[in-house]
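The exercises below are meant to be worked through with the sequence and the 3D view side by side. Try each task before reading its solution.

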Amino acid sequence: MSQVIRISRTHVNTVGAVGSARSVRSVGAVRTLVASIAVGAVLLTAGCSSGDSVGLEQKKDEPAPDKTDDGPLTTGFADVTFTPKTPLDPSGLTASAAVFRKRAASSGLAVRSVTVRDDAVVVRVSLAKYGRDTRDRVGPLGRRGQLTLRPVTAAMTTAAGAGGGSPVGVVPAEFQAAFDALDCAKTAEPRVDTPTETMLGCDTEGTEKYVLAPAEMTGADVVEAKTVLPKDGPVDWQIDLRWTDHGRGVFTDVTGRLSGGRLPTNRFAFVWDGDVLSAPAVNAAIPGNAVVSGLFTKDQATELAGSISAGTLPVPFTVTAFVEGN
C-alpha cells in the first residue's frame, strides 16, 4: 500500500510540504496538494488512431454503444462540432480526435463516435442521460488541457486576498509592468502556458498572483490520473497523479532542490490551463506521486482526471454547432 502525506493549510509536514487550498473556477471546488509515496508503478496504455474517423472502442465490461447505465437510448443524439481556434492540418485534427475520444470515454457521457469532418472534430453524443444539459457538459472536452509544474519565483496576495501587500521574491524587470497590471479578479480567456517560458499566473480564486519559472514537468510526465475516494480521511473525491518513471525522478529531484530555498522560491505550482491549482511550499524531497484533493464531487474529479489522462490538445476547441437528431 502507498503511504500518503496529507498537506493542510497550516501544517508543515517534516517529509513533504505545506500547501494552500484553492478553488477551481471550472468546478467550484477547493484543491490542495498531497504527496504520496508509491510502492509500485501503475502503467496506462493509450492508443491513437491514424484515420480520420475515431470510433469508441467498447471494453467487454462496458455497455454497448446503443445503451447507457440508465437504459436504452430513446431520446436521440446530438452531433457536437468542435472547431479549433487555430486551424489544424489533417494530422493535427486526427491527433486531436484521439484526445477527444479518450476524454469522452472517461467523461460519463454516452458518446457514440468521434470523427474528423470539415476541418473540425464532431462528437456524436446520446441525449438519453443528461438531455439538454448535455450541451453544457460537452464544452469542457474542448479545453486545451495543459498541465505544467513550475517553480514560483515571486508571489503576491492581491487586493481580493487577505491583507494584500507587496510581492515576495524577485519580479524580473521585464515582467514588472505586466505583473503590476495583472488583475486576477477579472474573468478572461485562459492564459497562454508555454512550458519553456516564464509566465505570470493567478490562483483560481483570484487571491494571489505569481511569477512562474519555466516548467520542470508537464502532463507528459503523468502516466495516469485516477479518481479515487479515500477510505480514511476526507469524504471528497481526489485525483491521484501517477508519474512516468522519468517524471517520478524529476519530481523527486525538483522537490529536493526547491526545499532548500526560502519562500516563495520553495513553492512548486501546479498549473492547469493557465490557472494555478495549488502552489505548496516544499520542505523535503518527495520521492513519490502527487494527489490533488479537496471538495471534488465525483463528476468534477472525473472530468479533470480524464482530461489529464487524455493528454493536451494542440490548440483549444470551441463548440460551433450542436445539432440534435433521432
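A residue is called buried when its relative accessible area is under 20%, exposed when that area is over 50%, and partly exposed in between, with a 1.4 Å probe and protein chains only. The model is predicted, and for that reason local features need pLDDT of at least 70 and side-chain atom pairs count only at pLDDT 80 or more, while totals for chains, interfaces and linings use all residues. Residues are numbered from 1 along each chain as its sequence is written, and side-chain values use heavy atoms, with hydrogens and water left out. Helices (H or I, at least four residues) and strands (E, at least two) are DSSP runs, numbered from the N terminus.

**Exercise 1.** Find Asp 119 and decide whether this residue counts as buried or exposed.

Solution. Begin with the place of Asp 119, which is the loop between E9 and E10. Asp 119 has a relative accessibility of 60%, and therefore counts as exposed. Next, turn to Asp 118, which is found in the loop between E9 and E10 and is exposed with a relative accessible area of 71%. Finally, look at the backbone: phi is positive at Asp 118, near 50°, and also at Asp 119, near 60°, although neither residue is glycine.

**Exercise 2.** Describe how strand E10 is paired with E8 and with E9.

Solution. Two strands pair if DSSP finds at least two bridges between them. Strand E8 (residues 77-84) runs antiparallel to E10 and is joined to E10 by six bridges, with Asp 79 standing opposite Arg 124. Strand E9 (residues 111-117) is likewise antiparallel to E10, through six bridges, and here Ser 113 has Arg 124 as its bridge partner. E9 and E10 form a hairpin with two residues between them. As a last step, check the cover of E10 (residues 120-126), where six of the seven residues are buried.

**Exercise 3.** Locate the disulfide and state what parts it ties together.

Solution. A disulfide is a pair of cysteine sulfur atoms within 2.5 Å, and by this rule the count comes to one. The link runs from Cys 184 to Cys 202, with an S to S distance of 1.9 Å. Because Cys 184 lies in the loop between helix H3 (173-181) and strand E13 (199-203), while Cys 202 lies in strand E13, the pair ties together parts that are 18 residues apart in sequence. The angle about the S-S bond is -75°, which goes with a left-handed link, and both Cys 184 and Cys 202 are buried.

**Exercise 4.** Classify the ring pairs of Phe 251 with Trp 243 and with Phe 268.

Solution. Rings of Phe, Tyr and Trp (its six-membered ring) pair if their centres lie within 6.5 Å, and planes under 30 degrees apart count as stacked, over 60 as edge-to-face and the rest as tilted. Five aromatic pairs are counted by this rule. For Trp 243 and Phe 251 the centres are 5.1 Å apart and the planes at 45°, so this pair is tilted. For Phe 251 and Phe 268 the centres are 6.3 Å apart and the planes at 25°, so that pair is stacked. The stacked pair links distant parts of the chain, with Phe 251 in helix H4 (residues 245-258) and Phe 268 in strand E18 (residues 268-272), 17 residues apart. Trp 243 and Phe 251 are both buried, as are Phe 251 and Phe 268. To finish, add Phe 270, which forms one aromatic cluster with Trp 243, Phe 251 and Phe 268.
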